[in-house]
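Work through the following exercises with the sequence and the structure at hand. Each task is followed by a solution in steps.

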Amino acid sequence: MVFTHIIHNAQDATDSHGFVDITTQVEGNIVTILVEDNGTGMDESFVKNKLFKPFETTKSGKGMGVGVYQAREYVQSIGGNVAVESSPGEGTTFILTFPAL
């Protein structure tokens, strides 16, 4: 569900001519997965203060704002991390890191 939430959000934020790319990397015992889009993006204040809070959303009338919160909580529960880089009008990259098992 972690990837479903993040990929679905990227698709929702990106128009039909945009892209959603997924890349992976393994370094030592860390797996990194990037989900990058060139959609609407989010401003720094939203990312810092609201993105990972339940019931906060940029989708007016669509979604409840719990998917990214749940994704981060799960990733952290298995020893991973979720980071976000985003700029309005340029897109967003979610950086998920996990310990390799």
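**Exercise 1.** Find the element that holds Glu44, and decide whether Glu44 is buried or exposed.

Solution. Step 1: Glu44 belongs to helix 2. Step 2: in this predicted model, the relative accessible area of Glu44 is 66%. Step 3: exposed means over 50%, so Glu44 is exposed. Step 4: for a link across the sequence, take Ser87, which is 43 residues away from Glu44 along the chain. The C-alpha atoms of Glu44 and Ser87 are 7.4 Å apart in space.

**Exercise 2.** List the secondary structure elements of the protein chain in order.

Solution. Step 1: the count is 3 helices and 4 strands. Step 2: starting at the N terminus, the order reads α-β-β-α-α-β-β. Step 3: two further figures describe the whole chain. Of its 101 residues, 30% count as buried. When contacts between residues at least 6 apart in sequence are taken, 53% of them join residues at least 24 apart.

**Exercise 3.** Describe how the 4 strands are arranged in the sheet.

Solution. Step 1: the strands form an open sheet with the order 1-2-4-3, and the pairing is antiparallel. Step 2: strand 1 (20-27) and strand 3 are the edge strands, as each pairs on one side only. Step 3: from one strand to the next, the twist averages 15°.
Step 4: go through the pairs. Strand 1 and strand 2 are antiparallel and are joined by 8 bridges. One bridge to look up is that of Thr23, whose partner in strand 2 is Leu34. These two strands make a hairpin with 2 residues between them, and Gly28 in the turn has a positive phi of about 60°. Strand 2 is also joined to strand 4 by 8 bridges, again antiparallel. Here Val31 stands opposite Phe98 of strand 4.

**Exercise 4.** How many aromatic pairs does a search of the whole structure find, and which parts of the chain does the pairing tie together?

Solution. Step 1: the search gives 1 aromatic pair. Step 2: its members are Phe3 and Phe98, with 6.2 Å from centre to centre and 50° between the planes, a tilted arrangement. Step 3: Phe3 is in helix 1 and Phe98 is in strand 4, so the pair links parts that lie 95 residues apart in sequence. Step 4: check the exposure of each ring's residue. Phe3 has a relative accessible area of 35% and is partly exposed. Phe98, at 13%, counts as buried.

**Exercise 5.** Which residues have the most contacts inside the largest nonpolar core, and which elements give two or more residues to this core?

Solution. Step 1: the core has 18 residues, and those with the most contacts inside it are Ile6, Leu51, Phe52, Val84, Phe94 and Leu96. Step 2: the elements giving two or more residues are helix 1 (2-13), strand 2 (30-37), helix 2 (44-49), helix 3 (67-77), strand 3 (81-87) and strand 4 (91-99). Step 3: take Leu96 as a sample. Leaving out residues up to four places away in sequence, Leu96 touches Val2, Phe3, Ile6, Val31, Thr32, Ile33, Val35, Val75, Asn81 and Val82.

**Exercise 6.** Trace the surroundings of two buried residues, Asp37 and Thr92.

Solution. Step 1: Asp37 is placed in strand 2, and its relative accessible area of 7% makes it buried. Step 2: the side chain of Asp37 reaches the backbone nitrogen of Gly39 at 2.7 Å. Step 3: apart from residues up to four places away in sequence, Asp37 touches Ala10, Thr14, Phe19, Val20, Glu90, Gly91 and Thr92.
Step 4: the last residue named, Thr92, lies in strand 4. Thr92 has a relative accessible area of 5%, which is under the 20% limit for buried. Step 5: the side chains of Thr92 and Ser86 are joined by a polar contact of 2.6 Å. Step 6: with the sequence neighbours up to four places away left out, the residues that Thr92 touches include Val35, Glu36, Asp37, Gly41 and Met42. Val84, Glu85 and Ser86 are also among them.

Key
Residues are numbered from 1 along each chain as its sequence is written. This is a predicted model: local features need pLDDT of at least 70, side-chain atom pairs count only at pLDDT 80 or more; totals for chains, interfaces and linings use all residues. Side-chain values use heavy atoms; hydrogens and water are left out. A nonpolar core is a set of buried Ala, Val, Leu, Ile, Met, Phe, Trp, Tyr and Cys residues joined through side-chain atoms within 4.5 Å. Buried means under 20% relative accessible area, exposed over 50%, partly exposed in between (1.4 Å probe, protein chains only). Contact means heavy atoms within 4.5 Å. Rings of Phe, Tyr and Trp (its six-membered ring) pair if their centres lie within 6.5 Å; planes under 30 degrees apart count as stacked, over 60 as edge-to-face and the rest as tilted. A polar contact is a pair of N or O atoms within 3.5 Å; within protein, one must be able to donate a hydrogen and the other to accept it, and residues adjacent in sequence count only if both atoms are side-chain atoms. Two strands pair if DSSP finds at least two bridges between them. Axes are lines fitted to C-alpha atoms, for helices over the stretch in contact, and angles run from 0 to 180 degrees between N-to-C directions.
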